[in-house]
Amino acid sequence: MTEVPIDDEEMIEYLNVLREGILEAYTGIVQGLKDGKQIQLLININSPAIPKIFHFLERIARDVNDHPNSVDDSILEHAIGLIGDLADITPRGPASDLFKSSCCLVLLRTKKDTQIFEYAKSKIDVNHI
């Protein structure tokens, strides 16, 4: 993962632009696979995609905790929307516990009382956010 100096506003903005693009791409992939009824390609037990997506979300959540002003609201909204989309396609069971991880909870808590929060929360079935 890319590290940027916390005092370099230009690099922070660049990182936010990159993150937004990645989140939009992940969201497009998830929604495209869902619409094409090919979601098993993503949630297959042998697919490395879900762990990589969660690793990316963990990094954003860490920055929210460590440097909250360095993460744009649009990044948070895209991340929360992606969490909701992933929860929507993930079958209930052990895999759904991923959405109760600390990274998801940190990200969801940043946007309480917003429409995107309500969407994601409705898909995750988490009551203690």
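Buried here means under 20% relative accessible area, exposed means over 50%, and partly exposed is what lies in between. Keep those cut-offs handy for the salt-bridge stops on this tour of a predicted model.

**Stop 1: the whole chain**

Start with a cartoon view. You should see 6 helices and 0 strands, so to speak a plain α-α-α-α-α-α run from the N terminus. Colour by burial next: of the 129 residues in the protein, 40% are buried. Switch on a surface and you are looking at about 7400 Å² of exposed area, with 52% of it supplied by carbon and sulfur atoms. As for how the chain folds back on itself, take the contacts with a separation of 6 or more: 73% of them are between residues 24 or more positions apart.

**Stop 2: the core**

Hide the surface and select Leu57, Leu86 and Leu107. These three touch the most other members of the largest nonpolar core, which has 32 residues. Now show the helices that give two or more residues to this core: α1 (9-35), α3 (49-66), α4 (73-89), α5 (102-109) and α6 (115-124). Which of them gives the most? That is α4, with 9 residues.

Stay on Leu107 and bring up its surroundings, skipping neighbours within four places in sequence. The contacts of Leu107 are Leu57, Ile60, Ala61, Val64, Leu76, Ala79, Ile80 and Ile83.

**Stop 3: α3 against α4**

Keep α3 and α4 on screen and fade the rest. The two axes come within 11 Å and cross at roughly 145°, and the crossing of α3 past α4 is left-handed. For the side chains at this meeting, select Ile50, Ile53, Phe54, Leu57, Ile60 and Val64 on α3. Their partners on α4 are Ile75, Leu76, Ala79, Leu82, Ile83 and Leu86.

**Stop 4: charges inside α3**

The structure holds 6 salt bridges; a few are worth a closer look. Select Arg59 and Asp63, whose side chains meet in a salt bridge at 3.7 Å, N to O. Both sit in helix α3, 4 residues apart, which is about one turn of the helix. Are they buried or exposed? Arg59 has a relative accessible area of 6%, so it counts as buried, and Asp63 is buried too because its relative accessibility is 8%. Add Arg19 to the selection: Arg19, Arg59 and Asp63 are linked in a network of salt bridges.

**Stop 5: from α4 to the loop after α5**

Move on to Lys111 and Asp73. They form a salt bridge, with the closest N and O atoms 3.2 Å apart. This pair links distant parts of the chain, 38 residues apart: Lys111 is in the loop between α5 and α6, while Asp73 is in helix α4. The two ends differ in cover: Lys111 is buried at 10% relative accessibility, whereas Asp73 is partly exposed at 46%.

**Stop 6: from α4 to α6**

Last selection: Asp88 and Lys123. Their salt bridge has its closest N and O atoms 3.4 Å apart. Here again distant parts of the chain are linked, with Asp88 in helix α4 and Lys123 in helix α6, 35 residues apart. Asp88 has a relative accessible area of 29%, so it is partly exposed. Lys123 is partly exposed as well, with 24%.

Definitions and conventions:
Residues numbered from 1 in each chain as written. Predicted model: local features only at pLDDT ≥ 70, side-chain atom pairs only at ≥ 80, totals over all residues. Heavy atoms only, no water. Core = buried A, V, L, I, M, F, W, Y, C linked by side-chain atoms within 4.5 Å. Buried < 20%, exposed > 50% of the residue type's maximum accessible area, 1.4 Å probe, protein only. Contact = heavy atoms within 4.5 Å. Areas by Shrake-Rupley, 256 points an atom, 1.4 Å probe, with all protein chains shown as cover. Salt bridge = Lys/Arg side-chain N within 4 Å of Asp/Glu carboxyl O. Axes fitted to C-alpha atoms, helices over the stretch in contact; angles between N-to-C directions. Left-handed = near helix turned anticlockwise from the far one by under 90°.
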